[in-house]
Every structure is written in structure tokens, then in C-alpha cells.
Amino acid sequence: VAAPFYRLEVALTDLQSAWNNVQHHTEEISSERLLVRRGQAFNITLYFRNRGFQPGLDNVIFMAETGPLPDLSNGTRALFSLTGRHGPSPWIALLETNGASSLEVSLCAPPTAAVGRYLLKVHIDSFQRSVTAYQLGEFILLFNPWCPEDSVYLDSEPQRQEYVVNDYGFIYQGNKNWIRPCPWNYGQFEENIIDICLELLDKSLNFQTDPATDCALRGSPVYISRVVCAMINSNDDNGVLNGNWSENYLDGINPAEWTGSVAILKQWHATGCQPVRYGQCWVFAAIMCTVMRCLGIPTRVITNFDSGHDTDGNLIIDEYYDSTGRILENKKKDTVWNFHVWNECWMARKDLPPGYGGWQVLDATPQETSNGLYCCGPASVRAIKEGEVDLNYDTAFAFSMVNADCMSWLVYGGKEQKIHRETNTVGNFISTKSIQSNERDDITENYKYIEGSPQERQVFLKALQKLRAGRSEDPHHASTSMPLSEDSLRRLHMPSLQPSDVVQVSLKFQLLAPPHMGQDISFVLLALNMSFQFKDLKVNLSAQSLLHDGSPLLAFWQDTAFITLSPEEAKTHSCRIPYSQYSQYLSTDKLIRISALGEEKSSPEKILVDKIITLAYPGIIINVLGAAIVNQPLSIQVLFSNPLSEYVEDCVLTVEGSGLFKKQQRVLIGILKPQHRASITLETVPFKSGQRQIQANLRSNKFKDIKGYRNVYVDLRL
């Protein structure tokens, strides 16, 4: 008599989420949902209802599917069995433990698999007589910088901890003479952020147009980075942020007020993916850092001081001045941003010649289009340094941001007179946060050879020749570049005349005291005669506010100095700009440009000098009162002040910190008296251990971004 037939039935599945997530460095996201990284095995346990697994009689076939149209041919559906009898598959299933009524299995996605949300199923063929299908559950698959076969592999654990795991950092702002760290809460592991990041991919134009192809391409960090870059801004789609450089933010949030990415991403999600108002370059870069780190791609935020925006692709930034030394609105829209912020993402570049992998520039700020969309990169940092501007993607535009030349023109009587060309103005103190430190790293040498060196000029000319040769026919190749006009070539090859070569007089500004908001600005103009003749100078001085993207605002102060210099003599001309004179003209960026245009009576040549001043505020002080322990109450004291000698209204303090506060804390302060100091104490309960950071911002009707931060180590237990 034949033995009775019992098909193998799955009663329960344990995805072992808590254990797997620790092994895959995703435990900060969740311990209840399964989040794993490609190229690395994870274990699950199947519990059976009626009997145990019999290797010779039961064929267990797993199926993993992602996207709305999973398909075997494009890699969004995978079939793989314990016995391997179902045919070759890059996905792997291995038997770990076969119990009396359970089966522990090790599963592994290939290191090239598409990232995203997967549905895991199993088909069980018992005795080749009955096939039963079961849905085991969902999991999320991420990039794996710990896996040597993954194209985002980073071989340094401290770098992986900084550029993937660390959820806070600094974004550098100010100017090249006064660099200040702005604390930022990236919060890539906070509640729902992974879901918002995947939603962002699904809202892209690529997915909306062709979801099957889009999901199939999600195994490529090059592809993913371009999609995310376009989705951070909202110029082409319902991206995360609206950009605004108008100084009018009444219907949104002033970009200077943000202290973290979490509130922005959650607002975008909560409003049905309507763009959040407003962002500027550092906010775009911070949001992109959050999304890319969350997806598993090593990412850091980069600040370039004196950053070029070359709109016509000739590697020359033209700046125009009037006879008072005031900078004029640029009709070509060429500008030198006081600072500009973008991202670097770490990845292999199999689409480029060998040697151009590693850090890649990605710039989500909507400046110019790339293949019809507002995104920029990935552009190899090494390709930028070597002038290989014809390599994918947008390398010529990235090159111009760090290495364009500046041409200064005097506009008078309807004519333009060249003052001089500077080869070292653009691209200074390129900065990022140090690894596992609060210090600043200067990485300028990654982008270009030393200014003034023969190598630097050779690379510049090579880049220029490549642009002239028209090698960027594909729109991905430096899509913003255009063939150089005869006028551009004429300007480039005009002798680079330094003012001192003819006039033999130098001018220089020097501050007499640090420039603090609410106080007068005192400085001197130093004039030095380097010749053996007497010099009579007329110098026109002016001051005007600037936006950080280089756009000039109205001039509010002017002066004229007549200086007579004996041979080899130096003299100073003292200047003072009262607070009452500049206060009403300041932008949120708190930037003032002082300029001097000098001329000698006996020479037609002009001498131009300028200096950018960033007005400083006193920072917020944060004190942690007692030991920080997970799930134990913690008191935090925040001290702040009104730095002005006048009342300020509508004061609001915001405080946040991943792992410390469930959501951003918002405290209405109201009115602060002149020079008044105040403090408040907040109560919270830390819910994550390890190194954490508190970020705070104070805004009012007179200022928007008085910042402060405090690092806190949270212990797991008493």
C-alpha cells in the first residue's frame, strides 16, 4: 500500500528582521521590517504545518519581485531554488538548518540587483505532484558599500561610518576668509525616511514614463544618482524642493532657517508630494545626501568658495563694474557664487575609461539642464582635475565651477574696458566635514592642480581645446557647453594684464575688527606705491549687499579718496559704514561687498580691488544637563540672545536631533529686548544610542539663522 501523500505547507515565516538588519547595518532604520543589502546573505526561517522538509522529495523555489511589472528578462523578477534545479540565477538560496518542522534558509541578492521594495514568495513542489505558492513577506534591498562586488564598495570602515551611517554633519558657508560650519540633521534612518526615498524614485519622470525600464535600471548607482538629483529640485517634476533666490519667502520657509532634512522630506510626503518652499544650494545638497545615504550610496556634502557659474560654456566668468567700483547685474548671467554646495557620491564608473571611478560630483541645485532635465552629474572628480570635460556627465560645467577664469570689465559711456583677467579667483577652499571629526577637510587638491602651476594652466587649456573641438555632441557630455565664439577667443587670448604691471600701485582692504551684526564696519584701504615715481590716485569706493549666488543688490555706501604717494610709500584711507546705514539693505546671506576702483591721473589703466564681508552672529549655546541614556528623560538647556540694539519680534526657536527628538521642536519666543539674553530648557527622551547631535536655529523679523549645535553621546544603559 502506497504511503499517504502529504504536501509541504508553510504555516509561518520568520524573516529574522532584527538579526538580519544588524548584520546589514540597517538596524537604525528598523528592527521590525527586513532591510538588507545586495551581495550579502540574509536568513529566514520557514515553519511547516504538517511535516518537515525532505530534500529528495520537496523542491523549494523562491521568487523575488520588484516594481509594478516584474520580469525575468530585465532582472526585476528572480526564480531560484534550494537545489539549483530551476536553472541558473544570480540570486542564491542555501540550506542552513533543516529541523523537524522548520527550515532555515540563507538568501542572497546579487551585488548588481536593482534596489527597492521586493515581494518574496515561495513555490513548493512536493513529490512532483502538487505545487503550492506562498507569499512570505516584503523586504527592502539597498546598495552595499560593505560588499567588494558592489559598485559602491568603499574599502574603509571609518569612511563607511561617516558617509553612509553618520546621520548628522556640517555644511560650510560664509566666504573664503570666514568659513563657518552650519550643523545639519541628515536623519537618513529616521522613521519613514526610507519609504519617502523609495517614493521619490517612483515619482520621477523616468518611472512615470516607463516603470518597467526604470526599475530594471535601479541596480546602477550612476542611474539612481541622476534620478535622485533631478527629483531633489522641482523644476521638471513634483520634486522635493522649490528653489528661491528672490529674498521673498512669505509663502514658505526662508532656506536659511532649515536645520535638517527630515522635516522637509516628511512635509513633501505629507502634502501629496508637493514641492516644499524653499531651498537654496546647501538645502538641495543636504536633502540629496540624506536620500543617497539612506539608499546605501556613500555621500558627502561639498562647499566650493568662489564658485563659478559659467552659462555659455567658455570657461570665462565675465564680471562688469561701473565707475564707482559697484558690480553690475550680469546680462549673460555669469556669476561667481560666494559659495556653492553640491554632493560627492562614491561609485565605480564602468561607463568611463579606467581610473575615473571613486568620488563623483552631483549637483541638485537647478542651474542648467542635462539631457533636458535640471540635474548635474555624476561627473568624476578625477576627470575634473585632469580637464577631461568630454566624459559623462556634465563634467565641463563642473570643471567651470572650480577652475573658470574671471574677466573684469569697466562699463562707462556705453563702452566696456577690460580691467584684468584673474586665473585663480574661482574655486577656493573646497571643503567637507572630516571623517569622524568636527573639523573641516580642505579637498581643493582633489579638484585641481595648484593655482598658477604649469599643470593647472595645461589642464585649463586642454579643457578649452576639448570644448572647442566639439567633442560634447551627446547632451550628457557637458550639456551646458557651447562652441566658443570669436569674441570669447579674443577675450581669452588678450594679454592678462595685472594692474601693478602698468600702474605699479596696489590696493588692498583690511578690516580693523571682526564684522559683527549690529555693529559698525570699520576698515582701511591700503595703497602701496611700488614704483620710484610719485603717484596721484583717485579712488572710488562703494559697498553693496550680495546674495550668496553672486547677484548684486543696491549699493548703499560710497566714498571718494584722493591719495598722493611718494615713491615706495604706503598710505591708508580709513572707512566706516554705520549699522544704521547697512542694516536695511542686508540680505539673509548677510554679505557685503566693498569695492575700490582706482585710477592714476597720468594713466588710463584702472585698479580694481574688492572684499566680501560676512556679518557674524553670536551662536546659540546648548548644554546637556546630565547623562544621556536611552529611554531615560534628558534635560537640554538652550541659551540665545538678541545681538541687535533694537527690539526683534516673531522670534521662533527650533531644535532637532536624530535619535534624540521624535520630531522637530518649535518654541515661540515672541519679542526679545535689545541685547537680551534668554534661555529655555527642553525635556526629551533619547531613543537611539551612540553619538548624536542637537541642532538649533533662532529666527526673528530681523534675522533668520542664528545657529548652534551640541554633540551628545547617548549610552544604552545606566
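This is a conversation about selected residues and helix pairs in a predicted model.

User: Let's start with Thr432, where does it sit?

Analyst: Thr432 belongs to strand β21, which covers residues 428–433.

User: Is Thr432 buried or exposed?

Analyst: Thr432 has a relative accessible area of 2%, and because buried means under 20%, Thr432 is classed as buried.

User: What does the side chain of Thr432 reach at 2.8 Å?

Analyst: That partner is the backbone oxygen of Val301, which the side chain of Thr432 reaches at 2.8 Å. Val301 also appears in the list of contacts of Thr432 once neighbours within four places in sequence are set aside, and the others in that list are Tyr172, Arg300, Ile302, Glu439, Arg440, Asp441 and Ile443.

User: Arg300 is in there. Which residues touch Arg293, again without the sequence neighbours?

Analyst: With neighbours within four places in sequence left aside, Arg293 is in contact with Glu162, Tyr163, Val164, Asn166, Tyr168, Tyr186, Gln188, Thr299 and Arg300. For Glu162 there is a further detail, in that its backbone oxygen lies 3.4 Å from a polar atom of the Arg293 side chain.

User: And which helix holds Arg293?

Analyst: Arg293 is placed in helix α8, residues 281–295, and with a relative accessible area of 3% Arg293 is buried. In addition, the C-alpha atoms of Arg293 and Cys345 are separated by 9.2 Å, although the two residues are 52 residues apart along the chain.

User: Staying with α8, how does α6 cross it, left-handed or right-handed?

Analyst: The crossing of α6 past α8 is right-handed. Helix α6 spans residues 221–232, and its axis comes within 10 Å of the axis of α8, with a crossing angle of roughly 145°.

User: Which residues meet there?

Analyst: From α6 there are Ile224, Ser225, Val228, Cys229 and Ile232, and these meet Phe284, Ile287, Met288, Val291, Met292 and Leu295 of α8. Sorted by class, this contact has 10 nonpolar residues and 1 polar residue, with no charged residues.

User: Now the other pair, α3 and α7. At what angle do they cross?

Analyst: The axes of α3 (residues 193–202) and α7 (residues 262–270) cross at roughly 60° and come within 10 Å, and the two helices are therefore oblique to each other. This crossing is left-handed.

User: What's the make-up of that contact, by class?

Analyst: The contact of α3 with α7 divides into 6 nonpolar, 1 polar and 2 charged residues. On the α3 side the residues are Ile193, Ile196, Glu199 and Leu200, and they meet Val262, Leu265, Lys266, Trp268 and His269 in α7.

User: Switching to loops, where is Asn144?

Analyst: Asn144 is in the loop that runs between β9 (130–142) and α2 (157–165). Despite the loop position, Asn144 counts as buried, at 1% relative accessibility.

User: What surrounds Asn144, leaving aside neighbours within four places in sequence?

Analyst: On that basis, Asn144 is in contact with Arg37, Arg38, Gly39, Gln40, Asp150, Val152 and Tyr153. The Asn144 side chain also reaches the backbone nitrogen of Trp146, at 3.0 Å.

User: Last one, Gln54. Which loop is that in?

Analyst: Gln54 lies in the loop between β3 (42–48) and β4 (58–66). Gln54 has a relative accessible area of 32% and is partly exposed. The C-alpha atoms of Gln54 and Phe127 are separated by 9.6 Å, with the two residues 73 residues apart along the chain.

How values were computed:
Residues are numbered from 1 along each chain as its sequence is written. This is a predicted model: local features need pLDDT of at least 70, side-chain atom pairs count only at pLDDT 80 or more; totals for chains, interfaces and linings use all residues. Side-chain values use heavy atoms; hydrogens and water are left out. Helices (H or I, at least four residues) and strands (E, at least two) are DSSP runs, numbered from the N terminus. Buried means under 20% relative accessible area, exposed over 50%, partly exposed in between (1.4 Å probe, protein chains only). A polar contact is a pair of N or O atoms within 3.5 Å; within protein, one must be able to donate a hydrogen and the other to accept it, and residues adjacent in sequence count only if both atoms are side-chain atoms. Contact means heavy atoms within 4.5 Å. Axes are lines fitted to C-alpha atoms, for helices over the stretch in contact, and angles run from 0 to 180 degrees between N-to-C directions. Angles under 35 degrees count as roughly parallel, over 145 as roughly antiparallel, 65 to 115 as roughly perpendicular and the rest as oblique. A crossing is left-handed if the near helix is turned anticlockwise from the far one by less than a right angle, and right-handed if clockwise. Ala, Val, Leu, Ile, Met, Phe, Trp, Tyr, Cys and Pro count as nonpolar, Asp, Glu, Lys and Arg as charged, and the others, Gly among them, as polar.
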